[in-house]
Amino acid sequence: MAEIVMYQRPGCGFCTMLRRNLQRAEIVPGGRHLGRTRAAAFVRSVANGCEETVPTIAIGTVAMVNPSLDEVIAAARQQAPDSVAHLDV
């Protein structure tokens, strides 16, 4: 199963809002802070060279920059279905 990873910056309001929405949906992503070089390099690679664009979510082969909860759920259904199976009940 693919891991759901959220790239974020401390103090980012958009990151906090998405994390809260994910928690309400009982989806708990792993977190990466952009202070780490590899995390920042990944975000640059999917955000047209900008490492400031957070939150960025990676699920398997899908990467999304500043996604909505619905976009995360849709990608998780394809890439990590076990992580959202409880939503189909």
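**Notes on helix 1, the sheet and a few backbone details**

1. A good place to start is helix 1: its face turned away from the buried side carries the exposed residues Gly13 and Arg24. Buried means under 20% relative accessible area, exposed over 50%, and partly exposed in between, with a 1.4 Å probe and protein chains only. Helices (H or I, at least four residues) and strands (E, at least two) are DSSP runs, numbered from the N terminus.

2. Before going on, please keep in mind that this is a predicted model, where local features need pLDDT of at least 70 and side-chain atom pairs count only at pLDDT 80 or more, while totals for chains, interfaces and linings use all residues. Residues are numbered from 1 along each chain as its sequence is written, and side-chain values use heavy atoms, with hydrogens and water left out.

3. Back to helix 1, on its other side: Cys15, Leu18, Arg19 and Leu22 are buried. Looking down the axis of helix 1, the buried residues fall within an arc of 100°, so they line one face of the helix; the arc is that of the directions from the helix axis to the C-beta atoms. These buried residues pack against strand 1 (4–8), strand 2 (30–33), strand 3 (56–59) and helix 3 (69–79), where contact means heavy atoms within 4.5 Å.

4. The length of helix 1 is worth a check too. With 12 residues (13–24) at 1.5 Å a residue, helix 1 should span 16 Å, and its end C-alpha atoms are 17 Å apart, which agrees. The expected span is 1.5 Å times one less than the number of residues.

5. Next, the sheet. Its 4 strands form an open sheet in the order 2-1-3-4, with mixed pairing; two strands pair if DSSP finds at least two bridges between them. Strand 2 and strand 4 (62–65) stand at the edges with a single partner strand each, so one side of each has no neighbour in the sheet. Strand 1 and strand 3 run antiparallel and are joined by 4 bridges; Ile4, for instance, has Ile59 in strand 3 as its bridge partner.

6. How do the helices sit on this sheet? Helix 1 packs on the sheet, touching strand 1, strand 2 and strand 3, and its direction makes about 155° with that of strand 1. Helix 2 (37–46) lies across strand 1, strand 2, strand 3 and strand 4, running at about 90° to strand 3. Axes are lines fitted to C-alpha atoms, for helices over the stretch in contact, and angles run from 0 to 180 degrees between N-to-C directions.

7. The largest nonpolar core has 26 residues, and those with the most contacts inside it are Tyr7, Leu22, Ile27, Ile57 and Ile59. Such a core is a set of buried Ala, Val, Leu, Ile, Met, Phe, Trp, Tyr and Cys residues joined through side-chain atoms within 4.5 Å. Leaving aside neighbours within four places in sequence, Tyr7 has contacts that include Phe42, Val43, Val54 and Pro55.

8. Finally, some backbone details to look at. A cis peptide bond joins Val54 and Pro55, with omega about 5°, and Pro55 is in the loop between helix 2 and strand 3. Glu26, in the loop between helix 1 and strand 2, has a positive phi near 60° without being a glycine; at 56% relative accessibility, Glu26 counts as exposed. Asn66, another non-glycine, has a positive phi of about 50°. Asn66 is in the loop between strand 4 and helix 3 and, at 42% relative accessibility, counts as partly exposed.
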